[in-house]
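The following exercises are to be worked with the sequence and the structure at hand. Each task is followed by a solution in steps.

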Amino acid sequence: MKIIKSIVSDKLLVISFLVTLLTFFIGRPQGKDIDWQTIGSLFMLMVVVQTLQFLGIFKYLAFSLTKRVHDTRLLIGVIVLMPFLVPC
């Protein structure tokens with residue numbers, strides 16, 4: 001019962017479910033419309049992120065970053081610029 005209340009109280013979930021039902025009436029989805037390579041890539045990305053979170057790497061990175069940067073403005077700047085400066 002508690003799970004049902006939490007699902008019903010989540011407005012974004014209810015709206016997305018209703019929009020999904022609406023799209024079923026507008027057009028039928030087909031198997032060829034689904035890009036399985038993209039779904040597989042997103043799944044593997046979620047597995048990697050969850051593994052890194054389980055290992056505590058994100059906490060370590062956050063702790064080390066906040067230890068080195070003491071100003072909030074500089075911290076925000078480092079977080080925003082990090083994807084451009086860190087090599088892949």
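**Exercise 1. Locate L55 and classify its exposure.**

Solution. The model is a predicted one. Step one is to find the element: L55 lies in helix α3. Step two is to compare its accessibility with the cut-off: a residue counts as exposed over 50% relative accessible area. L55 has a relative accessible area of 56%, and therefore it is exposed.

**Exercise 2. Determine which surface patch includes L55, and which helices supply the patch.**

Solution. Begin with the members: L42, L45, V49, F54, L55, I57, F58, Y60 and L61 make up a nonpolar patch on the surface. Together these residues have about 950 Å² of accessible area. Next, assign the members to elements: at least two residues come from each of α3 (36-55) and α4 (57-68). Finally, weigh the contributions: the greatest share is that of α3, which gives 5 residues. As background to the spacing of such residues, an α-helix has 3.6 residues a turn, so residues three or four places apart point the same way.

**Exercise 3. Test whether the length of α3 agrees with its number of residues, and examine what follows the helix.**

Solution. The expected span is 1.5 Å times one less than the number of residues. For the 20 residues of α3 this gives 28 Å. The C-alpha atoms at the ends of α3 are 29 Å apart, which agrees with the expectation. Just after α3 comes G56, whose phi is positive, at about 85 degrees.

**Exercise 4. Classify Q37 and S9 as buried or exposed, and relate each to a distant residue.**

Solution. Q37 is placed in helix α3. With a relative accessibility of 64%, Q37 counts as exposed. From Q37 to L61 there are 24 residues in sequence, and their C-alpha atoms are 30 Å apart in space.

S9 belongs to helix α1 (residues 2-9). Its relative accessibility is 53%, so S9 also counts as exposed. S9 and M46 are separated by 37 residues in sequence and by 26 Å in space, C-alpha to C-alpha.

**Exercise 5. Describe the overall fold and decide whether the chain is a compact globule or more spread out.**

Solution. First, count the elements: the chain has 5 helices and 0 strands. Their order from the N terminus is α-α-α-α-α. Second, compare the radius of gyration with the globule rule: the value is 20 Å, well over the 12 Å that the rule gives for 88 residues, so the chain is more spread out than a compact globule. Third, consider the dimensions: along the principal axes, the C-alpha atoms fill a box of roughly 55 × 35 × 25 Å. Fourth, consider burial: 3% of the 88 residues are buried. The chain exposes about 8,700 Å², of which carbon and sulfur atoms supply 74%.

**Exercise 6. State the confidence of the prediction, for the chain and by element.**

Solution. For the chain, the mean pLDDT is 89, and 99% of the residues reach 70 or more. By element, the lowest mean pLDDT is that of α1 (83), and the highest is that of α3 (96).

Methods:
Residues numbered from 1 in each chain as written. Predicted model: local features only at pLDDT ≥ 70, side-chain atom pairs only at ≥ 80, totals over all residues. Heavy atoms only, no water. Patch = residues over 30% accessible without salt bridge, like charges linked within 9 Å, V, L, I, M, F, W, Y side chains within 5 Å. Areas by Shrake-Rupley, 256 points an atom, 1.4 Å probe, with all protein chains shown as cover. Salt bridge = Lys/Arg side-chain N within 4 Å of Asp/Glu carboxyl O. Helix = DSSP H or I, 4+ residues; strand = E, 2+ residues; numbered from the N terminus. Buried < 20%, exposed > 50% of the residue type's maximum accessible area, 1.4 Å probe, protein only. Rg over C-alpha atoms; globule rule 2.2 N^0.38 Å. pLDDT = per-residue confidence, 0-100.
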